[in-house]
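Good morning, and thank you for coming. I would like to take you through one structure today, beginning with the surface that faces the nucleic acid and ending with a few individual residues.

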Amino acid sequence: MPESAIRDAIEAVLSGMGVESAKIQLERPKDPAHGDLATNVALTLASVLKRQPRAIAEEIAERLDLDAAGVQAVEIAGPGFLNFRLDQRQVAAVLEDVMVAGTGYGRTDVGEGRPIMVEFVSANPTGPLHIGHARQAALGDAIAGLLEWTGWSVSREYYYNDTGVQIDRLAESMWARYQQHLGNDAEIPEGGYPGEYVVELANQFENEVGDRYAGEVTPDALEALRIFAVARLREEQDRDLGDFGVRFDTYFLESSLYENGSVDSTVADLRATGLVYDHEGAVWLKTTEFGDQKDRVMLKSDGTPTYFLPDVAYHMDKWGRGFEHVINVQGSDHHGTVARVRAGLQALGLPRGYPEYVLHQMVRVERDGKEVKFSKRSGFMVTLRELFEQVGVDVTRYLFQWRKPEAQLVFDLDLALDQSEKNPVYKIQYAHARMCSIFRKAGVDLEDGAVARADLTLLTHPTELELIKRLTNLPGLIERAAELRAPHLVCDYLEQLAGAVNSWYHAGNPSRNPKLAVLVDNPELSSARLALTRSVQIVLANGLAVLGLSAPKRMERKEAPS
RNA sequence: GUCCCCGUAGCUCAGUUGGAUAGAGCGACUGCCUCCUAAGCAGUAGGUCGCAGGUUCGAUUCCUGCCGGGGACGCCA
């Protein structure tokens with residue numbers, strides 16, 4: 001509200017100065033000495049008006065209607081910035097917004113309820129989810145959360161590549177373990193899966209069917225092993241993700257694209273475009289027509305499709321289901337596929353740049369500064385479950401969300417296991433728990449009406465005003481983070497806020513600084529400070545909720561794992 | 001060789017779409033502290049924003065080139 005009032009007032013002045021349709025940027029300066037809001041219009045108009053920026057700033061300041069703008073004072077600073085100091089009433093009124101909106105504070109409606117799909121994790125059902133999937137699960141879920149908070153109708157989707165070479169290798173690995181279990185000689189094939197879990201699965205398989213498939217390998221045996229293993233691994237992956245706090249709206253099987261004929265019809269549709277040609281026995285698509293670096297094979301010389309084809313069919317399906325906005329969260333090792341999938345889709349008439357991709361870099365786990373790589377169960381990488389069972393779901397999710405996707409990430413186990421405020425997650429959650437603790441101490445309910453009606457103009461201390469200012473940034477921040485698909489901005493915000501909150505809390509330590517405590521003798525002032533406490537609590541809880549993290553009312557220390 | 005990402009304090013990283021004196025956390029150093037909940041609090045030091053040009057009133061931010069790190073370049077997924 002205060003922003004639009006100021007904007008209007010400036011516009012009124014500018015039109016009086018003969019300037020129409022100037023872009024007025026208002027920003028919240030980081031330095032409190034620069035007021036509550038600032039604008040650089042005078043600087044941007046300098047070249048248009050051919051006058052000194054400071055002279056323009058002075059004229060604007062002189063003509064500005066302070067009352068209408070809801071501004072207490074305006075100052076000119078630096079090369080020609082206009083700094084506005086808001087009315088005390090305006091500042092405090094923000095807390096009313098926070099308390100009225102409650103768990104909805106921070107939500108906006110830029111998405112206008114339009115559908116958007118976030119596809120993420122999408123691991124092959126060939127083994128347990130590992131650390132790379134963990135990053136993707138945390139990241140994708142947070143992006144989905146951001147979109148929900150900005151008014152999109154979000155669908156989370158998981159694509160199972162349940163056909164192809166990888167699955168064949170899995171079946172062969174199962175075969176080998178099954179034979180070994182029966183006491184026969186067999187070896188995991190080249191490119192197979194050596195992890196412990198295949199042994200477990202083969203044993204379970206034997207429990208169910210006995211030695212029916214002993215002896216020579218047959219297509220029937222491999223088929224039975226494949227179906228068994230894929231079903232069990234899908235269950236396990238779903239369970240791991242569920243326990244990690246991630247739920248999907250739809251699971252999409254690659255095999256369905258073959259079964260329902262969409263792969264074949266995609267071939268036919270692509271042929272109809274005239275961009276398909278035969279070369280050296282294979283069938284190619286001219287993806288270079290749409291900016292790919294070279295043309296791609298869609299049907300191999302043995303007649304089977306490359307992975308590229310079902311990918312195109314799959315995305316045509318997404319489009320057909322009404323998703324004009326799709327975000328695919330994938331590891332950056334997939335970046336080579338982006339151009340060709342888009343090219344295939346463009347050939348079929350979909351818009352350029354569809355779908356959108358968020359590609360994240362790889363993760364390494366470190367402890368004592370050394371890489372931790374191996375997991376016996378998975379056969380190579382640390383699994384998702386091993387990670388969150390050891391350090392907790394909130395910590396795991398957060399540590400994957402707090403860095404931008406396109407940067408490489410070191411998952412520091414020492415930091416993750418630290419339960420002090422050095423651990424950024426706990427720092428934020430402590431701040432939240434402290435707010436709740438103040439209410440407990442006061443014997444007042446969080447949603448108490450008297451608190452909501454407090455006289456907020458009593459909040460005049462600089463640290464209080466600074467906190468209030470930070471709280472007002474939440475909706476804009478969520479909007480920006482959603483637009484940029486950048487959950488790490490929320491982390492950054494929450495850490496900064498928690499830092500400010502914790503300082504404020506400690507400054508009000510009753511034994512040291514009783515006048516600054518929330519629970520002071522003066523009931524009006526105490527009520528006002530409780531209102532601030534409540535508002536802080538709401539903003540922290542909502543910020544955590546966007547990321548899919550819990551906001552504990554009290555913190556409990558866990559026994560340190562050995 | 002071509003393409004994509006990254007390069008900011010000793011370390012790990014932010015940086016509000018081009019603004020004012022570039023910020024956090026950890027580590028280091030200094031001083032407090034037994035408390036509305038915690039191995040806590042307050043403060044100090046620490047910078048050629050990889051390098052060189054360009055655009056601009058103004059560049060960590062945009063453009064070009066180079067250097068360094070990672071990744072992708074299959075009739076594998």
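Helix H17 provides the largest share of the surface near RNA strand B, namely 8 residues. I should say at once that this is a predicted model. H17 spans 424-442, and it is one of several elements that each supply at least two residues of that surface. The others are helix H2 (41-49), strand S4 (81-86), helix H7 (165-181), helix H13 (335-347), helix H20 (474-483) and helix H21.

In total, 62 residues surround RNA strand B, and the closest are Phe81, Tyr307, Arg403, Asp492 and Met555. By residue type, the surface near the strand divides into 17 nonpolar, 24 polar and 21 charged residues. Which part of the RNA lies within 4 Å of the protein: sugar and phosphate, or bases? Of the RNA atoms within that distance, 65% belong to sugar or phosphate, and the rest belong to bases.

Three polar contacts illustrate this surface. Asp492 has a polar side-chain atom 2.6 Å from a sugar or linking oxygen of RNA strand B. At Lys404, a backbone N or O atom is 3.3 Å from a phosphate oxygen of the RNA strand. At Ala433, a polar backbone atom lies 3.5 Å from a base oxygen of RNA strand B.

Let me turn to the domains. Chain A is divided into domain 1 (2-86), domain 2 (165-241), domain 3 (260-356) and domain 4 (424-546). Between domain 1 and domain 4, the distance from one C-alpha centre to the other is 30 Å.

I now come to individual residues, beginning with His506. This histidine is found in helix H21, residues 488-507. Its relative accessibility is 40%, so His506 counts as partly exposed. His506 and Ala517 are separated by 11 residues in sequence, and their C-alpha atoms are 8.9 Å apart.

Next is Tyr354, which is found in the loop between helix H13 and strand S12 (356-360). Is Tyr354 buried or exposed? Tyr354 counts as buried because its relative accessibility is 4%. The residues that Tyr354 touches, leaving aside those up to four places away in sequence, are His315, Lys318, Trp319, Phe323, Glu324, His325, Val326, Arg342 and Leu345. With Phe323 there is also a polar contact: the backbone oxygen of Phe323 lies 2.7 Å from a polar atom of the Tyr354 side chain. By contrast, Leu275, 79 residues away in sequence, has its C-alpha 19 Å from that of Tyr354.

Phe323 appears again around Ser155, a residue of strand S6 (153-160). Beyond residues up to four places away in sequence, Ser155 touches Ile116, Met117, Val118, Asp249, Thr250 and Phe323. With a relative accessibility of 13%, Ser155 therefore counts as buried.

Finally, a word on strand pairing. Strand S13 (residues 363-367) pairs with strand S15 (residues 409-412) in the parallel sense, over 4 bridges. Within this pairing, Arg364 has Val410 of S15 as its bridge partner. S13 also pairs with strand S14 (residues 370-372), here in the antiparallel sense and over 3 bridges. In S14, Lys370 is the bridge partner of Arg367. S13 and S14 form a hairpin with 2 residues between them, and Asp368 in the turn has a positive phi of about 55°.

Thank you for your attention.

Key
Residues are numbered from 1 along each chain as its sequence is written. Chains are lettered from A and ligands numbered from 1 in the order in which they are written. This is a predicted model: local features need pLDDT of at least 70, side-chain atom pairs count only at pLDDT 80 or more; totals for chains, interfaces and linings use all residues. Side-chain values use heavy atoms; hydrogens and water are left out. Buried means under 20% relative accessible area, exposed over 50%, partly exposed in between (1.4 Å probe, protein chains only). A residue is near a molecule or strand if one of its heavy atoms lies within 4 Å of it. A polar contact is a pair of N or O atoms within 3.5 Å; within protein, one must be able to donate a hydrogen and the other to accept it, and residues adjacent in sequence count only if both atoms are side-chain atoms. Ala, Val, Leu, Ile, Met, Phe, Trp, Tyr, Cys and Pro count as nonpolar, Asp, Glu, Lys and Arg as charged, and the others, Gly among them, as polar. Domain bounds come from an automatic or database domain assignment. Contact means heavy atoms within 4.5 Å. Two strands pair if DSSP finds at least two bridges between them.
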